[in-house]
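Thanks for coming. I will go through the core, then one residue, then how the chains are related.

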Number of protein chains: 2
Amino acid sequence: EKSSNIENYFRESRLEEFLKLTKVTNSYGIFTAHHLNDHIETFLMKITRGSGLQGMEGIKEFIELNGLKIYRPLIQIPKHILLKFCYKNNILPNYDYTNNSNAYSRNRIRNNIIPEFEKINPNFLESINRITKIISQINNKEKIRLFNEFEKLEPNYEENNISFSRIIFNDLPEFDKKLILKNNSEKLSSGTFMENKHLDYIIEKSYSKSNNFSLDLPGPIKLIATKKRITIEKLFEIDFQ
Amino acid sequence: EKSSNIENYFRESRLEEFLKLTKVTNSYGIFTAHHLNDHIETFLMKITRGSGLQGMEGIKEFIELNGLKIYRPLIQIPKHILLKFCYKNNILPNYDYTNNSNAYSRNRIRNNIIPEFEKINPNFLESINRITKIISQINNKEKIRLFNEFEKLEPNYEENNISFSRIIFNDLPEFDKKLILKNNSEKLSSGTFMENKHLDYIIEKSYSKSNNFSLDLPGPIKLIATKKRITIEKLFEIDFQ
(Lines give C-alpha, C1' and ligand atoms only; values in the text may rest on other atoms or scores of the structure.)
Protein backbone atom coordinates (compact mmCIF):
# COMPACT_ATOMS: atom_id res chain seq x y z
CA GLU A 1 0.00 0.00 0.00
CA LYS A 2 2.95 2.28 0.71
CA SER A 3 4.33 1.82 -2.80
CA SER A 4 0.92 2.64 -4.26
CA ASN A 5 0.88 5.83 -2.11
CA ILE A 6 4.30 6.83 -3.44
CA GLU A 7 3.14 6.11 -6.99
CA ASN A 8 0.14 8.35 -6.40
CA TYR A 9 2.36 11.06 -5.02
CA PHE A 10 4.54 11.04 -8.12
CA ARG A 11 1.56 10.87 -10.45
CA GLU A 12 -0.03 13.89 -8.80
CA SER A 13 3.29 15.79 -8.75
CA ARG A 14 3.73 15.15 -12.46
CA LEU A 15 0.19 16.36 -13.09
CA GLU A 16 0.85 19.52 -11.10
CA GLU A 17 4.03 20.23 -13.03
CA PHE A 18 2.14 19.86 -16.31
CA LEU A 19 -0.62 22.12 -15.01
CA LYS A 20 1.88 24.82 -14.04
CA LEU A 21 3.52 24.49 -17.44
CA THR A 22 0.25 24.94 -19.30
CA LYS A 23 -0.49 28.03 -17.21
CA VAL A 24 2.98 29.54 -17.67
CA THR A 25 2.91 28.92 -21.43
CA ASN A 26 -0.77 29.83 -21.65
CA SER A 27 -1.53 26.46 -23.29
CA TYR A 28 -4.87 24.76 -23.76
CA GLY A 29 -3.58 21.31 -22.73
CA ILE A 30 -0.77 18.85 -23.37
CA PHE A 31 -0.02 16.12 -25.94
CA THR A 32 1.62 12.86 -24.94
CA ALA A 33 3.33 10.46 -27.36
CA HIS A 34 1.60 7.26 -26.19
CA HIS A 35 1.08 4.84 -29.11
CA LEU A 36 -1.02 1.76 -29.90
CA ASN A 37 1.48 -0.62 -28.28
CA ASP A 38 1.33 1.36 -25.01
CA HIS A 39 -2.45 1.20 -25.21
CA ILE A 40 -2.56 -2.59 -25.68
CA GLU A 41 0.11 -3.18 -23.01
CA THR A 42 -1.96 -1.14 -20.58
CA PHE A 43 -5.08 -3.14 -21.43
CA LEU A 44 -3.21 -6.41 -20.75
CA MET A 45 -1.69 -5.04 -17.52
CA LYS A 46 -5.11 -4.02 -16.31
CA ILE A 47 -6.86 -7.30 -17.05
CA THR A 48 -3.95 -9.20 -15.47
CA ARG A 49 -4.38 -7.25 -12.26
CA GLY A 50 -8.10 -7.74 -12.14
CA SER A 51 -9.31 -4.40 -13.40
CA GLY A 52 -12.96 -3.79 -14.16
CA LEU A 53 -14.48 -2.29 -17.28
CA GLN A 54 -12.81 1.08 -16.69
CA GLY A 55 -9.29 -0.32 -17.00
CA MET A 56 -10.27 -2.29 -20.09
CA GLU A 57 -10.46 0.94 -22.05
CA GLY A 58 -6.64 0.99 -21.96
CA ILE A 59 -5.18 4.47 -22.47
CA LYS A 60 -7.78 7.08 -23.39
CA GLU A 61 -7.32 9.37 -26.36
CA PHE A 62 -8.40 12.30 -24.20
CA ILE A 63 -8.81 12.83 -20.48
CA GLU A 64 -9.14 15.77 -18.16
CA LEU A 65 -7.46 15.36 -14.78
CA ASN A 66 -7.63 18.08 -12.11
CA GLY A 67 -8.40 20.55 -14.90
CA LEU A 68 -5.49 19.44 -17.10
CA LYS A 69 -6.47 18.43 -20.63
CA ILE A 70 -4.37 15.52 -21.91
CA TYR A 71 -4.49 14.45 -25.55
CA ARG A 72 -2.81 11.35 -27.05
CA PRO A 73 -3.00 11.91 -30.80
CA LEU A 74 -0.74 8.92 -31.62
CA ILE A 75 -2.64 6.34 -29.57
CA GLN A 76 -4.07 4.57 -32.66
CA ILE A 77 -0.68 4.19 -34.38
CA PRO A 78 1.54 1.11 -33.82
CA LYS A 79 5.01 1.78 -32.45
CA HIS A 80 6.83 0.29 -35.48
CA ILE A 81 5.16 2.80 -37.79
CA LEU A 82 6.19 5.72 -35.58
CA LEU A 83 9.76 4.41 -35.42
CA LYS A 84 9.87 4.01 -39.20
CA PHE A 85 8.65 7.59 -39.58
CA CYS A 86 11.36 8.80 -37.20
CA TYR A 87 14.16 6.93 -38.98
CA LYS A 88 12.99 8.17 -42.37
CA ASN A 89 12.92 11.77 -41.16
CA ASN A 90 16.12 11.65 -39.12
CA ILE A 91 14.28 12.20 -35.85
CA LEU A 92 15.82 10.62 -32.75
CA PRO A 93 12.96 9.40 -30.52
CA ASN A 94 13.24 10.43 -26.89
CA TYR A 95 12.58 7.56 -24.47
CA ASP A 96 10.65 8.43 -21.35
CA TYR A 97 12.12 6.71 -18.30
CA THR A 98 10.04 8.58 -15.73
CA ASN A 99 7.14 6.18 -15.60
CA ASN A 100 9.03 3.04 -14.69
CA SER A 101 7.04 1.98 -11.63
CA ASN A 102 5.62 -1.02 -13.46
CA ALA A 103 8.53 -1.61 -15.84
CA TYR A 104 8.97 -5.21 -14.77
CA SER A 105 5.42 -6.31 -15.62
CA ARG A 106 5.23 -4.10 -18.66
CA ASN A 107 8.44 -5.55 -20.13
CA ARG A 108 7.14 -9.04 -19.60
CA ILE A 109 3.97 -8.14 -21.50
CA ARG A 110 5.88 -6.29 -24.22
CA ASN A 111 8.67 -8.80 -24.81
CA ASN A 112 7.22 -12.19 -23.90
CA ILE A 113 3.43 -12.07 -24.05
CA ILE A 114 2.44 -9.86 -27.01
CA PRO A 115 4.86 -11.61 -29.44
CA GLU A 116 3.26 -14.96 -28.49
CA PHE A 117 -0.23 -13.57 -29.14
CA GLU A 118 0.97 -12.22 -32.48
CA LYS A 119 2.01 -15.73 -33.52
CA ILE A 120 -1.64 -16.72 -33.15
CA ASN A 121 -2.95 -13.57 -34.81
CA PRO A 122 -0.57 -11.11 -36.51
CA ASN A 123 -3.29 -8.47 -36.10
CA PHE A 124 -3.41 -8.97 -32.34
CA LEU A 125 -2.97 -5.26 -31.53
CA GLU A 126 -5.89 -4.38 -33.79
CA SER A 127 -8.09 -7.10 -32.25
CA ILE A 128 -7.54 -5.78 -28.76
CA ASN A 129 -7.90 -2.21 -29.96
CA ARG A 130 -11.37 -3.07 -31.27
CA ILE A 131 -12.29 -4.57 -27.90
CA THR A 132 -11.18 -1.43 -26.03
CA LYS A 133 -13.48 0.58 -28.29
CA ILE A 134 -16.48 -1.65 -27.58
CA ILE A 135 -15.74 -1.44 -23.84
CA SER A 136 -15.46 2.30 -24.11
CA GLN A 137 -18.89 2.54 -25.84
CA ILE A 138 -20.42 0.44 -23.05
CA ASN A 139 -18.74 2.53 -20.36
CA ASN A 140 -20.00 5.77 -21.88
CA LYS A 141 -23.55 4.48 -21.99
CA GLU A 142 -23.20 3.33 -18.39
CA LYS A 143 -21.75 6.68 -17.34
CA ILE A 144 -24.81 8.52 -18.63
CA ARG A 145 -27.20 6.08 -16.96
CA LEU A 146 -25.26 6.26 -13.72
CA PHE A 147 -25.05 10.04 -13.74
CA ASN A 148 -28.84 10.18 -13.92
CA GLU A 149 -29.07 7.62 -11.15
CA PHE A 150 -26.63 9.57 -8.95
CA GLU A 151 -28.54 12.82 -9.40
CA LYS A 152 -31.43 11.16 -7.54
CA LEU A 153 -29.21 10.77 -4.44
CA GLU A 154 -29.38 14.51 -3.60
CA PRO A 155 -25.65 14.90 -4.22
CA ASN A 156 -23.55 17.78 -2.98
CA TYR A 157 -20.27 18.61 -4.71
CA GLU A 158 -17.48 20.55 -2.96
CA GLU A 159 -13.88 21.02 -4.07
CA ASN A 160 -12.54 18.27 -1.80
CA ASN A 161 -15.60 16.16 -1.12
CA ILE A 162 -18.75 14.68 -2.60
CA SER A 163 -21.68 13.66 -0.43
CA PHE A 164 -24.99 11.95 -1.10
CA SER A 165 -28.02 10.46 0.63
CA ARG A 166 -27.21 7.22 2.41
CA ILE A 167 -30.87 6.21 2.56
CA ILE A 168 -31.51 6.48 -1.19
CA PHE A 169 -28.08 4.89 -1.86
CA ASN A 170 -29.10 1.81 0.16
CA ASP A 171 -31.99 1.16 -2.23
CA LEU A 172 -29.84 0.98 -5.38
CA PRO A 173 -28.78 -2.30 -7.01
CA GLU A 174 -25.31 -3.47 -5.83
CA PHE A 175 -23.84 -2.95 -9.29
CA ASP A 176 -24.76 0.77 -9.22
CA LYS A 177 -23.62 1.23 -5.63
CA LYS A 178 -20.14 -0.01 -6.51
CA LEU A 179 -19.85 2.21 -9.56
CA ILE A 180 -21.04 5.27 -7.65
CA LEU A 181 -18.44 4.71 -4.92
CA LYS A 182 -15.64 4.03 -7.40
CA ASN A 183 -16.40 6.81 -9.88
CA ASN A 184 -16.81 9.52 -7.28
CA SER A 185 -13.61 8.54 -5.48
CA GLU A 186 -11.74 8.58 -8.78
CA LYS A 187 -13.26 11.97 -9.57
CA LEU A 188 -11.69 13.39 -6.39
CA SER A 189 -8.30 11.75 -6.92
CA SER A 190 -7.09 9.97 -10.04
CA GLY A 191 -4.83 7.89 -7.83
CA THR A 192 -7.63 6.03 -6.06
CA PHE A 193 -7.66 2.28 -6.43
CA MET A 194 -10.69 0.82 -4.70
CA GLU A 195 -10.84 -2.92 -4.43
CA ASN A 196 -13.91 -5.10 -4.23
CA LYS A 197 -13.32 -5.77 -0.52
CA HIS A 198 -13.57 -2.03 0.23
CA LEU A 199 -16.73 -1.69 -1.79
CA ASP A 200 -18.32 -4.71 -0.13
CA TYR A 201 -17.40 -3.35 3.31
CA ILE A 202 -18.92 0.07 2.62
CA ILE A 203 -22.11 -1.36 1.13
CA GLU A 204 -22.61 -3.71 4.07
CA LYS A 205 -21.85 -1.01 6.66
CA SER A 206 -24.13 1.48 4.95
CA TYR A 207 -26.96 -1.02 5.05
CA SER A 208 -26.32 -1.89 8.71
CA LYS A 209 -27.55 -0.06 11.80
CA SER A 210 -24.18 1.68 12.38
CA ASN A 211 -25.04 5.36 12.53
CA ASN A 212 -21.50 6.63 11.95
CA PHE A 213 -18.61 4.86 10.31
CA SER A 214 -15.58 5.78 8.27
CA LEU A 215 -12.94 4.09 6.12
CA ASP A 216 -9.49 5.09 4.86
CA LEU A 217 -9.23 4.09 1.23
CA PRO A 218 -6.18 3.42 -0.96
CA GLY A 219 -5.01 6.74 -2.30
CA PRO A 220 -5.66 10.06 -0.52
CA ILE A 221 -9.34 9.28 -0.01
CA LYS A 222 -11.50 8.79 3.08
CA LEU A 223 -15.15 7.81 3.35
CA ILE A 224 -17.27 9.15 6.22
CA ALA A 225 -20.87 8.16 6.87
CA THR A 226 -23.48 9.66 9.14
CA LYS A 227 -27.01 8.39 9.63
CA LYS A 228 -28.30 10.23 6.55
CA ARG A 229 -25.31 11.07 4.35
CA ILE A 230 -22.20 9.43 2.91
CA THR A 231 -19.24 11.72 2.20
CA ILE A 232 -16.18 10.88 0.13
CA GLU A 233 -13.32 13.21 1.04
CA LYS A 234 -9.98 13.95 -0.54
CA LEU A 235 -7.24 14.22 2.12
CA PHE A 236 -4.42 16.75 2.08
CA GLU A 237 -1.24 15.85 0.19
CA ILE A 238 1.00 13.48 2.07
CA ASP A 239 4.51 14.87 2.45
CA PHE A 240 7.15 12.27 1.57
CA GLN A 241 10.59 13.14 2.93
CA GLU B 1 -13.77 -20.45 -44.85
CA LYS B 2 -13.83 -24.12 -45.85
CA SER B 3 -12.10 -25.14 -42.62
CA SER B 4 -14.61 -23.13 -40.63
CA ASN B 5 -17.40 -24.95 -42.50
CA ILE B 6 -15.87 -28.32 -41.63
CA GLU B 7 -15.51 -27.23 -38.01
CA ASN B 8 -19.18 -26.26 -38.00
CA TYR B 9 -20.12 -29.60 -39.49
CA PHE B 10 -18.29 -31.49 -36.74
CA ARG B 11 -19.67 -29.23 -34.02
CA GLU B 12 -23.21 -29.79 -35.22
CA SER B 13 -22.66 -33.55 -35.63
CA ARG B 14 -21.35 -33.76 -32.07
CA LEU B 15 -24.39 -31.83 -30.85
CA GLU B 16 -26.71 -34.19 -32.71
CA GLU B 17 -25.02 -37.24 -31.20
CA PHE B 18 -25.42 -35.78 -27.71
CA LEU B 19 -29.06 -34.97 -28.45
CA LYS B 20 -29.74 -38.55 -29.61
CA LEU B 21 -27.99 -39.85 -26.50
CA THR B 22 -30.08 -37.72 -24.15
CA LYS B 23 -33.23 -38.96 -25.89
CA VAL B 24 -32.21 -42.64 -25.85
CA THR B 25 -31.23 -42.44 -22.18
CA ASN B 26 -34.17 -40.19 -21.35
CA SER B 27 -31.80 -37.59 -19.85
CA TYR B 28 -32.48 -33.95 -19.04
CA GLY B 29 -29.15 -32.70 -20.46
CA ILE B 30 -25.43 -33.35 -20.39
CA PHE B 31 -22.49 -32.40 -18.15
CA THR B 32 -19.09 -31.54 -19.59
CA ALA B 33 -15.83 -31.51 -17.61
CA HIS B 34 -14.59 -28.05 -18.72
CA HIS B 35 -12.63 -26.34 -15.92
CA LEU B 36 -11.44 -22.83 -15.05
CA ASN B 37 -8.28 -23.14 -17.17
CA ASP B 38 -10.38 -24.06 -20.23
CA HIS B 39 -12.57 -21.04 -19.51
CA ILE B 40 -9.63 -18.59 -19.30
CA GLU B 41 -7.91 -20.11 -22.35
CA THR B 42 -11.12 -19.62 -24.31
CA PHE B 43 -11.37 -16.01 -23.17
CA LEU B 44 -7.79 -15.34 -24.32
CA MET B 45 -8.37 -17.16 -27.64
CA LYS B 46 -11.46 -15.08 -28.29
CA ILE B 47 -9.88 -11.70 -27.51
CA THR B 48 -6.84 -12.65 -29.62
CA ARG B 49 -9.07 -13.34 -32.59
CA GLY B 50 -11.03 -10.14 -32.19
CA SER B 51 -14.17 -11.41 -30.59
CA GLY B 52 -16.79 -9.02 -29.25
CA LEU B 53 -18.44 -9.02 -25.85
CA GLN B 54 -20.10 -12.39 -26.45
CA GLY B 55 -16.79 -14.23 -26.75
CA MET B 56 -15.42 -12.46 -23.70
CA GLU B 57 -17.77 -14.48 -21.52
CA GLY B 58 -15.47 -17.46 -22.14
CA ILE B 59 -17.17 -20.82 -21.62
CA LYS B 60 -20.64 -20.53 -20.17
CA GLU B 61 -21.73 -22.53 -17.15
CA PHE B 62 -24.96 -23.40 -18.92
CA ILE B 63 -26.14 -23.15 -22.50
CA GLU B 64 -28.95 -24.59 -24.54
CA LEU B 65 -28.09 -25.40 -28.15
CA ASN B 66 -30.68 -26.78 -30.56
CA GLY B 67 -32.66 -27.94 -27.53
CA LEU B 68 -29.70 -29.66 -25.87
CA LYS B 69 -29.01 -28.49 -22.31
CA ILE B 70 -25.28 -28.39 -21.55
CA TYR B 71 -24.01 -27.85 -18.00
CA ARG B 72 -20.38 -27.30 -16.97
CA PRO B 73 -20.39 -27.76 -13.20
CA LEU B 74 -16.56 -27.69 -12.91
CA ILE B 75 -16.03 -24.45 -14.82
CA GLN B 76 -15.10 -22.44 -11.69
CA ILE B 77 -12.47 -24.94 -10.52
CA PRO B 78 -8.80 -24.68 -11.59
CA LYS B 79 -7.37 -27.68 -13.39
CA HIS B 80 -4.67 -28.36 -10.78
CA ILE B 81 -7.32 -28.83 -8.08
CA LEU B 82 -9.25 -31.30 -10.21
CA LEU B 83 -6.05 -33.21 -10.97
CA LYS B 84 -5.14 -33.33 -7.27
CA PHE B 85 -8.61 -34.66 -6.51
CA CYS B 86 -8.21 -37.35 -9.17
CA TYR B 87 -4.79 -38.47 -7.93
CA LYS B 88 -6.00 -38.58 -4.31
CA ASN B 89 -8.98 -40.70 -5.26
CA ASN B 90 -7.22 -42.96 -7.74
CA ILE B 91 -9.22 -41.65 -10.68
CA LEU B 92 -7.50 -41.64 -14.06
CA PRO B 93 -8.63 -38.49 -15.92
CA ASN B 94 -9.76 -39.09 -19.47
CA TYR B 95 -8.28 -36.61 -21.95
CA ASP B 96 -10.60 -35.47 -24.71
CA TYR B 97 -8.78 -35.35 -28.04
CA THR B 98 -11.89 -34.74 -30.17
CA ASN B 99 -11.85 -30.94 -30.04
CA ASN B 100 -8.38 -30.36 -31.44
CA SER B 101 -9.23 -27.94 -34.24
CA ASN B 102 -7.54 -25.08 -32.43
CA ALA B 103 -4.95 -27.11 -30.53
CA TYR B 104 -2.04 -25.09 -31.89
CA SER B 105 -3.24 -21.73 -30.61
CA ARG B 106 -4.64 -23.17 -27.42
CA ASN B 107 -1.34 -24.85 -26.55
CA ARG B 108 0.49 -21.61 -27.12
CA ILE B 109 -1.90 -19.86 -24.73
CA ARG B 110 -1.78 -22.69 -22.19
CA ASN B 111 1.99 -23.31 -22.18
CA ASN B 112 3.58 -19.97 -23.08
CA ILE B 113 1.17 -17.13 -22.39
CA ILE B 114 -0.72 -17.97 -19.18
CA PRO B 115 2.47 -18.89 -17.24
CA GLU B 116 3.93 -15.47 -18.18
CA PHE B 117 0.80 -13.70 -16.96
CA GLU B 118 0.97 -15.72 -13.73
CA LYS B 119 4.47 -14.37 -13.09
CA ILE B 120 2.91 -10.89 -13.01
CA ASN B 121 -0.09 -11.99 -10.97
CA PRO B 122 -0.28 -15.50 -9.45
CA ASN B 123 -4.06 -15.03 -9.29
CA PHE B 124 -4.28 -14.36 -13.02
CA LEU B 125 -6.98 -17.00 -13.63
CA GLU B 126 -9.17 -15.45 -10.92
CA SER B 127 -8.63 -11.93 -12.31
CA ILE B 128 -9.81 -12.95 -15.75
CA ASN B 129 -12.61 -15.01 -14.28
CA ARG B 130 -13.92 -11.88 -12.54
CA ILE B 131 -13.81 -10.00 -15.84
CA THR B 132 -15.81 -12.70 -17.64
CA LYS B 133 -18.46 -12.36 -14.94
CA ILE B 134 -18.70 -8.58 -15.36
CA ILE B 135 -18.94 -9.03 -19.14
CA SER B 136 -21.61 -11.63 -18.67
CA GLN B 137 -23.68 -9.26 -16.47
CA ILE B 138 -23.40 -6.56 -19.12
CA ASN B 139 -24.36 -9.00 -21.88
CA ASN B 140 -27.42 -10.18 -19.97
CA LYS B 141 -28.62 -6.62 -19.44
CA GLU B 142 -28.03 -5.91 -23.13
CA LYS B 143 -29.86 -9.08 -24.15
CA ILE B 144 -33.01 -7.98 -22.31
CA ARG B 145 -32.86 -4.49 -23.76
CA LEU B 146 -32.24 -5.86 -27.25
CA PHE B 147 -35.04 -8.41 -26.99
CA ASN B 148 -37.47 -5.59 -26.24
CA GLU B 149 -36.03 -3.60 -29.13
CA PHE B 150 -36.34 -6.56 -31.51
CA GLU B 151 -39.97 -7.19 -30.58
CA LYS B 152 -40.76 -3.78 -32.12
CA LEU B 153 -39.51 -5.03 -35.52
CA GLU B 154 -42.61 -7.20 -36.06
CA PRO B 155 -40.50 -10.38 -35.95
CA ASN B 156 -41.61 -13.73 -37.28
CA TYR B 157 -39.96 -16.91 -36.00
CA GLU B 158 -39.99 -20.17 -37.99
CA GLU B 159 -37.96 -23.32 -37.38
CA ASN B 160 -35.33 -22.44 -40.00
CA ASN B 161 -35.71 -18.71 -40.37
CA ILE B 162 -36.31 -15.46 -38.56
CA SER B 163 -37.65 -12.40 -40.37
CA PHE B 164 -38.28 -8.80 -39.33
CA SER B 165 -39.27 -5.40 -40.71
CA ARG B 166 -36.53 -3.85 -42.82
CA ILE B 167 -38.04 -0.38 -42.48
CA ILE B 168 -38.10 -0.31 -38.67
CA PHE B 169 -34.65 -1.98 -38.62
CA ASN B 170 -33.22 0.87 -40.68
CA ASP B 171 -34.16 3.35 -37.95
CA LEU B 172 -32.22 1.60 -35.16
CA PRO B 173 -28.79 2.74 -33.94
CA GLU B 174 -25.94 0.89 -35.69
CA PHE B 175 -24.91 -0.82 -32.44
CA ASP B 176 -28.34 -2.45 -32.12
CA LYS B 177 -28.51 -3.39 -35.81
CA LYS B 178 -25.27 -5.34 -35.52
CA LEU B 179 -26.36 -7.17 -32.40
CA ILE B 180 -29.73 -8.07 -33.91
CA LEU B 181 -28.09 -9.52 -37.02
CA LYS B 182 -25.46 -11.43 -35.02
CA ASN B 183 -27.71 -12.76 -32.27
CA ASN B 184 -30.44 -13.98 -34.59
CA SER B 185 -27.96 -15.70 -36.89
CA GLU B 186 -26.37 -17.40 -33.91
CA LYS B 187 -29.79 -18.43 -32.68
CA LEU B 188 -30.39 -20.32 -35.95
CA SER B 189 -26.94 -21.93 -36.03
CA SER B 190 -24.37 -21.96 -33.24
CA GLY B 191 -21.67 -22.22 -35.90
CA THR B 192 -22.24 -18.75 -37.35
CA PHE B 193 -19.30 -16.39 -37.23
CA MET B 194 -20.32 -13.03 -38.64
CA GLU B 195 -17.57 -10.52 -39.15
CA ASN B 196 -17.82 -6.75 -39.04
CA LYS B 197 -17.49 -6.53 -42.82
CA HIS B 198 -20.62 -8.66 -43.28
CA LEU B 199 -22.56 -6.58 -40.80
CA ASP B 200 -21.47 -3.31 -42.42
CA TYR B 201 -22.44 -4.65 -45.85
CA ILE B 202 -25.92 -5.69 -44.71
CA ILE B 203 -26.58 -2.44 -42.87
CA GLU B 204 -25.50 -0.37 -45.86
CA LYS B 205 -27.48 -2.48 -48.36
CA SER B 206 -30.58 -2.42 -46.17
CA TYR B 207 -30.42 1.35 -46.02
CA SER B 208 -29.87 1.66 -49.77
CA LYS B 209 -32.49 1.67 -52.52
CA SER B 210 -31.83 -1.99 -53.47
CA ASN B 211 -35.22 -3.66 -53.25
CA ASN B 212 -33.92 -7.22 -53.11
CA PHE B 213 -30.54 -8.44 -52.03
CA SER B 214 -29.06 -11.51 -50.38
CA LEU B 215 -25.81 -12.61 -48.76
CA ASP B 216 -24.24 -15.99 -47.95
CA LEU B 217 -22.79 -15.80 -44.46
CA PRO B 218 -20.06 -17.88 -42.78
CA GLY B 219 -21.73 -20.97 -41.40
CA PRO B 220 -24.93 -22.46 -42.84
CA ILE B 221 -26.69 -19.09 -42.86
CA LYS B 222 -28.10 -16.91 -45.63
CA LEU B 223 -29.65 -13.46 -45.43
CA ILE B 224 -32.40 -12.49 -47.86
CA ALA B 225 -33.97 -9.04 -48.08
CA THR B 226 -37.08 -7.81 -49.83
CA LYS B 227 -38.35 -4.27 -49.88
CA LYS B 228 -40.13 -4.65 -46.53
CA ARG B 229 -38.59 -7.63 -44.75
CA ILE B 230 -35.20 -9.09 -43.89
CA THR B 231 -35.02 -12.86 -43.45
CA ILE B 232 -32.17 -14.83 -41.92
CA GLU B 233 -32.32 -18.44 -43.04
CA LYS B 234 -30.61 -21.60 -41.93
CA LEU B 235 -29.51 -23.68 -44.93
CA PHE B 236 -29.72 -27.46 -45.15
CA GLU B 237 -26.79 -29.48 -43.82
CA ILE B 238 -23.85 -29.60 -46.16
CA ASP B 239 -22.80 -33.16 -46.94
CA PHE B 240 -19.05 -33.64 -46.63
CA GLN B 241 -17.83 -36.78 -48.42
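**Core and chain relation**

This is a predicted model. The largest nonpolar core has 40 residues, and those that touch the most other members are Leu44(A), Ile47(A), Met56(A), Leu44(B), Ile47(B) and Met56(B). Which elements give two or more residues to this core? In chain A they are helix 2 (36-48), helix 4 (103-120) and helix 5, and in chain B helix 2 (36-48), helix 4 (103-120) and helix 5 (124-151). As background, nonpolar side chains in soluble globular proteins tend to be buried together.

Take Ile47(B) from that list. Setting aside residues up to four places away in sequence, Ile47(B) touches Met56(B), and in chain A it touches Phe43(A), Ile47(A), Ser127(A), Ile128(A) and Ile131(A).

Now Ser127(A), which sits in helix 5 (residues 124-151) of chain A. Is Ser127(A) buried or exposed? Its relative accessible area is 8%, and the cut-off for buried is under 20%, so Ser127(A) counts as buried. Beyond its neighbours within four places in sequence, Ser127(A) contacts Asn121(A), and from chain B Ile47(B), Thr48(B), Arg49(B) and Gly50(B).

Last, the two chains. A turn of 180° with a shift of 0.0 Å along the axis lays chain B on chain A, at an RMSD of 0.0 Å. That is the relation of a two-fold axis. Within chain B, the C-alpha nearest the axis belongs to Ile113(B), at 2.9 Å from it. As for the interface, 100% of the interface residues of chain B are also interface residues in chain A, so the copies meet through the same surface.

How values were computed: Residues are numbered from 1 along each chain as its sequence is written. Chains are lettered from A and ligands numbered from 1 in the order in which they are written. This is a predicted model: local features need pLDDT of at least 70, side-chain atom pairs count only at pLDDT 80 or more; totals for chains, interfaces and linings use all residues. Side-chain values use heavy atoms; hydrogens and water are left out. Helices (H or I, at least four residues) and strands (E, at least two) are DSSP runs, numbered from the N terminus. Buried means under 20% relative accessible area, exposed over 50%, partly exposed in between (1.4 Å probe, protein chains only). Contact means heavy atoms within 4.5 Å. Copies are superposed by least squares on the C-alpha atoms of residues with pLDDT of at least 70 in both. A nonpolar core is a set of buried Ala, Val, Leu, Ile, Met, Phe, Trp, Tyr and Cys residues joined through side-chain atoms within 4.5 Å.
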